[in-house]
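Hi,

Here is the structure I said I would pass on to you. Have a look at it first, and then read my notes underneath.

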Amino acid sequence: METVDTTARLSALRALMKEKGVDVYIIPSEDSHASEYIAACDARRAFISGFSGSAGTAVVTLNKAALATDGRYFNQASRQLDTNWHLLKTGLQDVPTWQEWAAEEAAGGKVVGVDPSLIPSSVAEKLDESVQKAGGAGLKAVTENLVDLVWGDARPARSSNPVTLLPEKYSGKDTAAKLVDLRKELDKKKAAAFVLSMLDEIAWLFNLRGSDIAYNPVFFSYAIVTPDSAILYVDEAKLDAAAKTYLEQNKVSIKPYDTLFEDAKALARAAEAEAKGESGPPKKYFVSNKGSWALKLALGGSRFVEEVRSPVGDAKAVKNETELEGMRQCHIRDGAALIRFFAWLEDQLINKKAVLDEVAAADQLEAFRKEEKDFVGLSFDTISSTGPNAAVIHYKPERGSCAVIDPNAIYLCDSGAQYLDGTTDTTRTLHFGTPTPQEKKAYTLVLKGNIALDTAVFPKGTTGFAIDCLARQFLWKQGLDYRHGTGHGVGSYLNVHEGPIGIGTRKQYADVALAAGNVLSIEPGYYEDGAYGIRIENLALVREVKTEHSFGDKPFLGFEHVTMVPYCRKLIDESLLTEQEKEWLNESHRVIREKMKGRFEGDEVTSKWLERETEPF
């Protein structure tokens with residue numbers, strides 16, 4: 001994680017700002033589809049700031065620069081930002097948000113600018129209001145991206161990777177049925193159309209997958225669905241023959257990707273003409289509340305646009321039985337790869353005295369995964385971290401400059417894969433030597449939190465915000481905590497981070513209740529900066545559970561974890577576990593042994609490792 005000298009880049013950007021009449025310029029992390037993970041060509045914030053984490057916003061004035069990010073990245077940002085930048089640690093007391101910082105800098109009639117395609121309209125409108133309240137001139141839509149101009153010819157090209165059909169044996173539902181469900185929602189709300197801009201929603205709706213963004217099987221596209229038509233905006237040359245045939249069979253038209261905004265403007269003109277002849281309010285075009293400011297402006301603004309929590313996003317988050325079974329099956333295969341890896345790594349470090357760095361270990365794990373059925377690729381950069389690096393929550397080892405794994409220190413591995421039948425994300429923390437009492441205590445407190453949430457039962461209508469404390473309670477009793485969410489939604493051979501559900505303290509997690517069919521991570525942790533980090537992560541399905549009573553005639557829900565990887569016995573302080581927690585561990589390990597039967601025949605190293613790590617307490 002080297003520091004990048006951004007002096008020349010900022011100088012060039014400020015020259016363009018002056019030329020465009022902009023005093024404060026916002027550079028978001030996201031692309032024009034509000035993607036969390038982005039293609040290399042859209043990594044504008046990373047280019048201008050040098051900070052490569054997935055979350056954060058840069059704000060540049062004519063003489064200052066600030067980078068705001070959350071607790072997952074404080075450590076990383078402090079290492080990567082050069083002296084041109086001020087780090088805004090989002091969420092800490094008395095630290096302004098990037099919006100507040102930008103508004104303060106705009107005082108005195110200054111203009112704040114942003115590329116309108118990179119910011120949600122709701123955020124843009126609130127920012128405009130904040131800037132004017134602070135005495136600024138307001139928010140200006142700068143349609144030509146200034147960072148792109150600075151980047152110039154060095155900016156990577158947009159990919160043109162193929163788009164393929166995901167067969168129904170994996171998706172569990174065809175596009176025609178999904179469109180029927182969506183149109184029912186449009187009819188209920190009396191909407192004229194739904195304009196889709198989120199890439200994973202489009203991939204799910206049309207049962208297509210691509211690879212335009214690393215680790216995310218999505219492709220650059222938009223879509224418009226009306227009561228009687230469906231249009232997919234995509235480069236048609238990217239669609240293979242099966243995908244084209246499937247779209248035709250499901251009555252989906254294809255138009256070029258870059259014609260969406262012209263069509264949106266045509267819809268706005270049609271709505272305007274219709275409104276003139278009607279006495280009542282015009283029908284609205286629905287867009288996701290993550291849709292861009294540019295998209296809303298093209299569709300005619302607030303008069304014709306209603307921003308909603310996407311009905312496609314909600315439907316996608318509730319997996320059907322085919323998708324749920326796919327999650328179970330791919331986690332068995334993925335678990336086998338991880339078990340082989342951890343056994344191999346221990347054997348290399350302890351028995352063979354091998355010297356391995358963090359990237360070499362990650363490469364071997366990927367090699368094991370590649371041998372598993374229906375493997376497509378990784379679901380994110382593997383976090384392979386030893387000792388102090390494990391305290392960097394979203395650490396990414398760099399080839400040629402990463403640390404050698406210390407067998408006498410904690411090793412944290414957070415990794416996942418994409419399979420045709422599901423997406424995995426597993427974190428295990430191990431120690432190959434003798435852990436300290438402090439490390440064992442911290443690990444066990446994190447494990448207790450994981451078990452507490454895994455075994456929770458709660459009424460339908462409960463949110464992830466409400467149950468977050470169950471995972472933190474044992475750390476809180478010791479005055480400890482962690483600076484990340486406890487769980488995120490996970491796609492079905494889609495994005496590893498999937499909204500709208502999750503477990504944590506974000507406001508959105510208080511707005512959306514968990515539902516049977518959701519798939520989430522459960523991943524409490526604890527981190528000592530400069531020393532070690534601990535995280536234990538399983539993926540779990542939300543399922544209806546039988547209870548003795550049914551208060552208020554409500555069904556009750558619980559979790560079924562599908563991750564099939566043992567916990568590190570060396571790091572467990574058994575004296576801190578209750579009998580019920582030991583029973584949970586024993587049953588989890590029994591299931592893992594059962595699922596792994598016959599997979600390691602002839603592999604004595606892995607077989608012995610698995611047997612030892614799953615011995616009953």
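Below is what turned up, region by region.

Two things to know before you start. This is a predicted model, so local features need pLDDT of at least 70 and side-chain atom pairs count only at pLDDT 80 or more, while totals for chains, interfaces and linings use all residues. Residues are numbered from 1 along each chain as its sequence is written, and side-chain values use heavy atoms, with hydrogens and water left out.

Let's begin with the annotated domains. An unreviewed UniProt entry puts "Creatinase N-terminal" at residues 9-134 and "Peptidase M24 C-terminal" at residues 555-617. UniProt positions are in the numbering used here, feature names are shortened, and annotations may be inferred rather than shown by experiment. Residues 9-134 are 37% helix and 17% strand, with end C-alpha atoms 28 Å apart. For residues 555-617 the figures are 43% helix and 10% strand, and the end C-alpha atoms lie 34 Å apart. Helices (H or I, at least four residues) and strands (E, at least two) are DSSP runs, numbered from the N terminus.

Next, have a look at helix α14, residues 321-351. Its 31 residues should span 45 Å at 1.5 Å a residue, and the end C-alpha atoms are 44 Å apart, which agrees. (The expected span is 1.5 Å times one less than the number of residues.) Of those 31 residues, 25 are buried, where buried means under 20% relative accessible area, exposed over 50%, and partly exposed in between, with a 1.4 Å probe and protein chains only. At the start of α14, a side-chain oxygen of asparagine 320 comes within 3.1 Å of the backbone nitrogen of threonine 322. Just after the helix, lysine 353 has a positive phi of about 55°.

That brings me to the backbone oddities. Most residues other than glycine have a negative phi, and most peptide bonds are trans. Asparagine 207 has a positive phi near 55° and sits in the loop between α9 (199-205) and β9 (208-209). Lysine 251 also has a positive phi, of about 60°, in the loop between α10 (241-249) and β12 (253-255). Which of them is buried and which exposed? Asparagine 207 counts as buried because its relative accessibility is 1%, whereas lysine 251, with a relative accessible area of 69%, is exposed. There is a cis peptide bond too, from glycine 499 to proline 500, with omega near 0°; proline 500 is in strand β23 (residues 498-503).

Finally, the empty space. On a 1 Å grid over the protein atoms alone, a cavity is a set of points where a 1.4 Å probe fits but cannot get out; a pocket is an open set with protein on both sides within 12 Å along at least five of seven lines; and lining residues have an atom within 4 Å of a point. Grid points are joined across faces, edges and corners, and a volume is the space filled by probe spheres set on the points. There are four cavities of 30 Å³ or more, and the largest holds about 40 Å³. Its lining includes Glu346, His431 and Trp609, and α20 gives the largest share, three residues. The second largest pocket has a volume of about 350 Å³. It is lined by 17 residues, with Ser32, Ser117, Tyr222, Tyr257 and Phe261 nearest its centre.

Cheers

Note on methods. Polar contact = N/O pair within 3.5 Å; in protein donor to acceptor, adjacent residues only side chain to side chain.
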